[in-house]
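Visitor: I should like to go through this model with you, one topic at a time. Please reason briefly before giving each answer.

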Amino acid sequence: MPRFKSIISRIVILHVVAVVITSVLMSVALSWLLSYATNNIHDKAMQEQAVSVGEHLSAGPDGRLELNLPSDLLGLYSQEYGRYSYAVTDDQGHVLFSSLKDSAALFPGDARAGAIEFLQQRRGDATVSGASIRREVGGQTIWIQTGEDLANRDVLIDDIVADFYKNVGWITLPILLVLLITDIAIFRRALRPLRQASEIAAGIGPARPGVRLPTDELPREVRPLVSAVNLGLDRLEEGFRIQRDFTADAAHELRTPLSVLRTRIDMLKDDDMRRALSQNVEGMAHIVGQLLDIAELDAFVVNPEEKADLRSVATEVAEFVAPLALSQGKDVALLGAGEPVWVKGNTEMLGRAIRNLAENAINHTAVGSTVEFVVEGNGTVSVLDHGPGIPEDERNLIFRRFWRRDRRKKGSTGLGLSIVQRIAELHSATVTVENRRPNGACFSLKFTPAAA
Amino acid sequence: MRLLIVEDNEELAELLAKGLQAAGYQADILSTVEDTRSVLGRTFYAALILDLGLPDGDGLELLREIRQQNNPIPVMVLTARGGLQDRVRGLRSGADDYLVKPFALEELIARLEAQLRRPGHLLDSNLRIANLEFDTRNRQASIDDQPQLFSAREIAVLELLMRSKGRVVSKKQVEDHIFGHSGDVASNAIEVYVHRLRKQLSERGAKVQVHTIRGVGYLIAEEK
């Protein structure tokens, strides 16, 4: 059994096979029925003819039988016409009368034959088919035989039969084809809800885990499949929810104790101690925040319909990090596009990526220098610093989690750039690193532009 | 002045109450949505410090209820979730300000005081950076306790900067504050006012600096 990709093609193929088989069977059946019917008509006609011949038989006063056919019947059985013939035989098989030239019987006599027999006999080239009936005339038992030369058979009936085949053939085919087309139409209609469900299913993704396939309109036969798919989606959504809940719970469980610690430290009387411990707690909070960001990113999915204004995200980040830069004797500046720059992506995640680039740049830029943010209309945001730059052989290492050039250096966790890269991956964005002349590094993120 | 702290971590709640007491505020502590709902119905508090993750419900839900009842109490939300989206949701639900744990006690008090100074919550309090002081009630600036005279526009800019101490004020905010939304502002007008203010402050010996964050806005800070 060949495999069919589509139900419709399967139906078409099977239907065509059924049409062919039906056509053949129908022809055979019709042909049999027709020949049966024409033979019946012929036999009946022959019987009637024999009866009619018998009506003109009479016994003379001497007991001899006489046959007085009227002229129309004589014409029917004439040699010239040649189509019909008759013969009358006695119970000895002697021929009493015959329309044939040689005065022979049409069929061999048979004393045991019944009151009526339908017989067929070859005579020379021709085949004679007819009836033989028994009669009692003038105390004698005789057989009246009538026959028709099949070679001269009724042209009309044969024509009808031939025509019938031709016409029936032409009518059957279109009817069967119309049936086929109707079947296809019915099936397409029946499958439409399935197609609609497929379209809905195509839109299901991690970004829209709440969508379920409608089962109301579906044919009962496919409902179990769709229900099973929906249950599977329920379980997947639950998985996503658990992962998200974990991040939220972890954030709460980690940050609340840090908050207790922080407040306790803030209430210390010793200024130096307080300042030092505050810095420690802040560093720790920073790492916790970044680890939570990473955990969140692992379960995060960007909604493809979401868009963000890169310009306003960059502005917000610049506002956020400016006090940090100023407190270290450094500065920030926002350059480039003054108009909104719409890109595909999640505002929050874009902000986190730019913030991590900014914090990295502020950490490395020289005191007294400015970290510049440049937003371009093509969906690119760059962060430029005046630090030592990134050596060629470190460009792939810097995005690894916990990688740091100088492990003794404070304020760096080695997580920031790995977060940047993960966010870029989620947004199909590209990250590029270049060194600047005379010194400094330039990190660029290029996002996919979106319509405003 | 009585504040209400709603925080399910007992230790943190008590530490905050203690810290606030040192700053001159009395604070009551509750730990559930249910208790807060009933207490707010019958007791007046000057402000509410609300943790979002409570054992018997979502703090944001409670906040929405409070706002639906047209209760104008200033609400400072505390949360372990620091995402921008969380922040936006919090502010939309009616929070006046938002602090992510862990936060500095000093920051909490400063933000709280900023809220209490809002119209309707007048509190006679001065804003101060180094030797520069700004009295929000009569909009009077003084340096080393000597009252200073500034032009109306300069005072407006200074007030905005002082109120946003430690944070960047965008150029747009300054424009809106001085000229209103419909004002037709010359492109460099704000820069001119800031430049004049900076010059005046420096000439009169204020130990503060008005930073220009190019493309972003302005920030006032203690001189280094």
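Visitor: How many bridges join strand 13 of chain A to strand 14 of chain A?

Guide: In this predicted model, strand 13 of chain A covers residues 430–435 and strand 14 of chain A covers residues 441–446. The two run antiparallel, and one bridge pair between them is A:Glu434 with A:Cys442. The number of bridges that join them is 6.

Visitor: Which residue takes a positive phi in the hairpin of these two strands of chain A?

Guide: The hairpin of strand 13 and strand 14 of chain A has 5 residues between the strands. The positive phi there is near 115°, and the residue that takes it is A:Gly440.

Visitor: Which helix of chain A gives the largest share of the side that touches chain B?

Guide: The contact draws 30 residues from chain A and 33 residues from chain B. On the side of chain A, at least two residues each come from helix 4 (223–266), helix 5 (271–298), helix 6 (310–327), strand 9 (331–336) and helix 7 (347–364). The largest share is 12 residues, and its source is helix 4 of chain A.

Visitor: How many residues on that side of chain A are nonpolar?

Guide: The residues of chain A that touch chain B fall into three classes. Of these, 6 are charged and 9 are polar, and the nonpolar ones number 15.

Visitor: Which helix supplies the largest share of the largest nonpolar core?

Guide: In soluble globular proteins, nonpolar side chains tend to be buried together. The largest core here has 62 residues, and those touching the most other members are A:Leu310, A:Ala314, A:Ala318, A:Ala322, A:Ala353, A:Ile354 and A:Ala358. The largest share of this core amounts to 9 residues, and it comes from helix 6 of chain A.

Visitor: Which residues of chain B are in contact with A:Ala318, leaving aside its neighbours within four places in sequence?

Guide: With those neighbours set aside, A:Ala318 is in contact with A:Val332, A:Leu334 and A:Phe373 of chain A. From chain B, the residues in contact with A:Ala318 are B:Ile213 and B:Val216.

Visitor: How many residues does the second, separate core have?

Guide: Among the members of this second core are B:Ala27, B:Leu63, B:Met76 and B:Ala95. Its residues number 39.

Visitor: Why is one side of strand 8 and of strand 11 of chain B left without a neighbour in the sheet?

Guide: These strands belong to an open sheet of 4 strands in chain B, with the order 8-9-10-11 and antiparallel pairing. Within this sheet, strand 9 (residues 132–135) and strand 10 (residues 140–143) are joined by 4 bridges, and B:Leu132 stands opposite B:Ile143. Strand 8 (126–129) and strand 11 (146–148) of chain B are left without a neighbour on one side because each stands at an edge, with a single partner strand.

Visitor: What angle does the direction of helix 6 of chain B make with that of strand 14 of chain B?

Guide: Another open sheet in chain B has 3 strands in the order 12-14-13, with antiparallel pairing; its edge strands are strand 12 (169–170) and strand 13 (208–213). Strand 13 of chain B pairs with strand 14 (residues 217–222) over 6 bridges, and B:Val208 stands opposite B:Glu222. Helix 6 (residues 152–163) of chain B packs on this sheet and touches strand 12, strand 13 and strand 14. The angle between the directions of helix 6 and strand 14 of chain B is about 70°.

Visitor: What percentage of the residues of chain B count as buried?

Guide: Chain B has 8 helices and 14 strands. Of its 224 residues, the portion that counts as buried is 32%.

Definitions and conventions. Residues are numbered from 1 along each chain as its sequence is written. Chains are lettered from A and ligands numbered from 1 in the order in which they are written. This is a predicted model: local features need pLDDT of at least 70, side-chain atom pairs count only at pLDDT 80 or more; totals for chains, interfaces and linings use all residues. Two residues are in contact if their C-beta atoms, placed from the backbone, lie within 7 Å. Ala, Val, Leu, Ile, Met, Phe, Trp, Tyr, Cys and Pro count as nonpolar, Asp, Glu, Lys and Arg as charged, and the others, Gly among them, as polar. A nonpolar core is a set of buried Ala, Val, Leu, Ile, Met, Phe, Trp, Tyr and Cys residues joined through C-beta atoms within 7 Å. A residue is buried if 20 or more other C-beta atoms lie within 10 Å of its own, exposed if 12 or fewer, and partly exposed in between; C-beta atoms are placed from the backbone. Two strands pair if DSSP finds at least two bridges between them. Axes are lines fitted to C-alpha atoms, for helices over the stretch in contact, and angles run from 0 to 180 degrees between N-to-C directions.
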